[in-house]
Amino acid sequence: MSLKDRLGEDIKSAMKAKDKIRLETVRSIKKALLEKEVAVRPSGQDSLTEEQEIELLAQQAKQRRDSIEQYRQAGRNDLADKEAQELAIIETYLPKQLSDEELSAILDEIVASVGATSPKDIGKVMGVAMKQLKGKAEGKKIQEIVKGKLGG
């Protein structure tokens with residue numbers, strides 16, 4: 001089942017269940033997906049690739065994480081809680097996130113393959129890591145682990 005079909009089904013089930021937050025969140029994902037599809041049409045692409053869909057979902061999740069952080073700093077826990085609920089819904093569409101141990105092991109391999117030895121090599125490692133781990137781990141977390149490994 002494609003992501004678009006799955007979103008359509010989830011919208012119907014959220015409407016039947018009268019789950020307002022799920023309905024709003026799934027609709028916003030579908031809207032973003034359609035907007036992205038329209039944006040790639042001029043390049044001759046009819047629909048989004050799975051990689052582009054994951055990238056879009058990861059962007060949506062990152063926006064929610066940033067909003068949660070800002071709302072908590074401003075003392076608006078009510079809004080932060082709503083964003084957290086939306087984030088949990090978005091994460092159901094993303095591939096399973098890697099654990100810290102799995103991520104660390106993969107990054108060890110990348111560091112070795114790139115031949116990175118010092119903090120100057122962080123950029124090389126991050127370039128390879130972000131391509132390989134797109135949608136499987138948060139960029140901020142990847143960067144923290146790489147810096148820890150290279151002494152950055």
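## Two cores and the packing of helix α7

Leaving aside the neighbours within four places in sequence, I29 is in contact with L7, L56, L57, I90 and Y93. This is a predicted model, and I29 offers a way into the first of the two nonpolar cores described here, since it is among the residues of the largest core that touch the most other members. The points below go from that core to a second one, and then to the helices and the loop residue that share residues with it or touch them.

**The largest nonpolar core**

- The largest nonpolar core has 22 residues, and those that touch the most other members are L3, L7, V26, I29, L33, L57 and Y93.
- At least two residues of this core are supplied by each of α1 (3-17), α2 (20-40), α3 (50-73) and α4 (77-91).
- The largest share, six residues, comes from α2.

**A second core**

- Separate from the largest core there is a second one, made of 16 residues, which includes L103, L107, V111 and V146.

**Helix α5 against helix α7**

- Helix α5 (residues 100-114) packs against helix α7 (residues 139-150) at an angle of about 55°, and their axes lie 10 Å apart.
- Angles from 35 to 65 degrees fall outside the parallel and perpendicular ranges, and α5 and α7 are therefore oblique to each other.
- The crossing of these two helices, α5 and α7, is right-handed.
- On the α5 side the contact is made by D100, L103, S104, L107, D108 and V111, while α7 contributes K141, I142, I145, V146, K149 and L150.
- Sorted by class, the contact of α5 with α7 holds seven nonpolar residues, one polar residue and four charged residues.

**Helix α6 against helix α7**

- The axes of α6 and α7 come within 10 Å of each other and cross at roughly 140°, and the two helices are therefore oblique to each other.
- The crossing in which α6 passes α7 is right-handed.
- From α6 the contact involves I122, V125, M126, A129 and M130, and from α7 it involves G139, I142, Q143, V146, K147 and L150.
- The contact of α6 with α7 divides by class into eight nonpolar residues, two polar residues and one charged residue.

**A buried residue in a loop**

- D121 is placed in the loop between α5 and α6 (122-132).
- With a relative accessible area of 11%, D121 is buried, because the cut-off for a buried residue is under 20%.
- Not counting residues up to four places away in sequence, D121 touches G115, A116 and L150.

Technical notes:
Residues numbered from 1 in each chain as written. Predicted model: local features only at pLDDT ≥ 70, side-chain atom pairs only at ≥ 80, totals over all residues. Heavy atoms only, no water. Axes fitted to C-alpha atoms, helices over the stretch in contact; angles between N-to-C directions. Helix = DSSP H or I, 4+ residues; strand = E, 2+ residues; numbered from the N terminus. Parallel < 35°, antiparallel > 145°, perpendicular 65-115°, else oblique. Left-handed = near helix turned anticlockwise from the far one by under 90°. Contact = heavy atoms within 4.5 Å. Nonpolar A, V, L, I, M, F, W, Y, C, P; charged D, E, K, R; others polar. Buried < 20%, exposed > 50% of the residue type's maximum accessible area, 1.4 Å probe, protein only. Core = buried A, V, L, I, M, F, W, Y, C linked by side-chain atoms within 4.5 Å.
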